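Biologist: Hey, could you pull that model up so we can go through it together?
Modeller: Sure, here it comes.

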Amino acid sequence: MTENEMLEIFRKHSAVLEGHFILSSGLHSNRYIQCALVLQHPRVAEQLCSELAAKLRHVGATVVAAPALGGVIVSYEVARALGLRALFTERQEGTMTLRRGFSLEPGEPTLVVEDVITTGLSTRETVTAIEEAGGKVVGIGSLIDRSGGAVEFGVPKSSLVDLTAQNYKPEECPLCRSGIPAVKPGSRTKK
Ligand SMILES: [Zn+2]
């Protein structure tokens with residue numbers, strides 16, 4: 001599949017929204033990606049994640065990990081495509097950790113995946129959680145990269161669709177200034 005064909009899949013499932021949004025990072029944006037609308041279809045999730053897996057097979061990971069909740073399906077489907085196991089990290093009192101008895105061999109090569117990379121913050125937190133559990137992160141993957149490629153981790157990184165958005169600090173947001181109501185898509189409530 002080409003990048004355009006993959007973007008078309010996201011558009012077809014109404015997963016790319018244009019407007020004025022408050023992201024989970026607190027930044028405001030002119031664009032929001034709701035990957036869950038695509039990933040609710042297991043066959044589509046499997047297809048997209050196997051494309052991502054093919055791009056990152058060469059890093060030689062033996063396990064895949066992702067931050068919950070958004071990354072869980074991506075981790076699971078990428079791991080399925082690569083024949084590896086799938087873990088997820090989650091927040092415990094604000095800190096991203098590996099729970100539920102998940103463990104890594106010392107230095108175990110780990111592929112960290114996400115649905116969307118925007119600021120790279122949750123990816124970075126996941127990398128830290130994996131390292132604290134003894135693993136070694138050898139690659140990063142996401143279905144969508146909204147960062148414009150600006151986020152780097154010092155290991156191979158790949159995404160399926162580059163969908164750069166304009167992100168603003170709330171106090172500098174021109175959409176706020178022009179009086180457009182901001183939507184928090186996760187909860188569907190208005191500011
Ligand atoms: Zn705004």
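Modeller: We can go through the metal site, then some helix packing and a couple of backbone details.

Biologist: Before we dig in, what kind of model is this?
Modeller: This is a predicted model, so take what follows in that spirit.

Biologist: OK, metal first. Which atoms coordinate the zinc ion?
Modeller: Two histidine nitrogens and two cysteine sulfurs: NE2 of His20, ND1 of His28, and the SG atoms of Cys173 and Cys176, at 2.0 to 2.4 Å.

Biologist: And what geometry does the site have?
Modeller: Tetrahedral, with the angles among the four donor atoms running from 94 to 122 degrees.

Biologist: How are the donors spaced along the chain?
Modeller: The pattern reads H-x7-H-x144-C-x2-C.

Biologist: Where do His28 and Cys173 sit, then?
Modeller: His28 is in strand 2 (residues 28–33), while Cys173 is in the loop between strand 9 (167–168) and helix 6 (174–177). The two are 145 residues apart in sequence, so the pair ties those parts together.

Biologist: Switching to helices. How do helix 1 and helix 3 pack?
Modeller: Helix 1 covers residues 3–12 and helix 3 covers 42–56; their axes are 12 Å apart, at an angle of about 150 degrees. That makes the two roughly antiparallel. Their crossing is left-handed.

Biologist: Which residues meet there?
Modeller: From helix 1 you have Met6, Ile9 and Phe10, and these meet Val44, Gln47, Leu48 and Glu51 of helix 3. By class, that contact has five nonpolar residues, one polar and one charged.

Biologist: What about helix 3 against helix 4, how do their axes run?
Modeller: Those axes come within 8 Å and cross at roughly 65 degrees. Angles of 65 to 115 degrees count as roughly perpendicular, and helix 3 and helix 4 are therefore described that way. This crossing is right-handed.

Biologist: Who's touching whom?
Modeller: Helix 3 brings Ala45, Glu46, Cys49, Ser50, Leu52 and Ala53. On the helix 4 side there are Ile73, Val74, Glu77, Val78, Arg80, Ala81 and Leu82. The contact divides into nine nonpolar, one polar and three charged residues.

Biologist: Now backbone stuff. What is the peptide bond from Ala68 to Leu69, cis or trans?
Modeller: That one is cis, with omega near -5 degrees. Leu69 lies in the loop between strand 3 (63–67) and helix 4 (72–82).

Biologist: And what is phi of Ser14?
Modeller: Near 55 degrees, which is a positive value in a residue other than glycine. Ser14 is in the loop between helix 1 and strand 1 (16–22).

Methods:
Residues are numbered from 1 along each chain as its sequence is written. This is a predicted model: local features need pLDDT of at least 70, side-chain atom pairs count only at pLDDT 80 or more; totals for chains, interfaces and linings use all residues. Side-chain values use heavy atoms; hydrogens and water are left out. Axes are lines fitted to C-alpha atoms, for helices over the stretch in contact, and angles run from 0 to 180 degrees between N-to-C directions. Helices (H or I, at least four residues) and strands (E, at least two) are DSSP runs, numbered from the N terminus. Angles under 35 degrees count as roughly parallel, over 145 as roughly antiparallel, 65 to 115 as roughly perpendicular and the rest as oblique. A crossing is left-handed if the near helix is turned anticlockwise from the far one by less than a right angle, and right-handed if clockwise. Contact means heavy atoms within 4.5 Å. Ala, Val, Leu, Ile, Met, Phe, Trp, Tyr, Cys and Pro count as nonpolar, Asp, Glu, Lys and Arg as charged, and the others, Gly among them, as polar. Donors are N, O and S atoms within 2.8 Å of the metal (3.2 Å for Na, K and Ca); water is not among the atoms, so sites may look incomplete. Four donors count as tetrahedral if all angles lie between 85 and 135 degrees; four count as square planar and six as octahedral if opposite donors are over 155 degrees apart and all others between 65 and 115; anything else is irregular.
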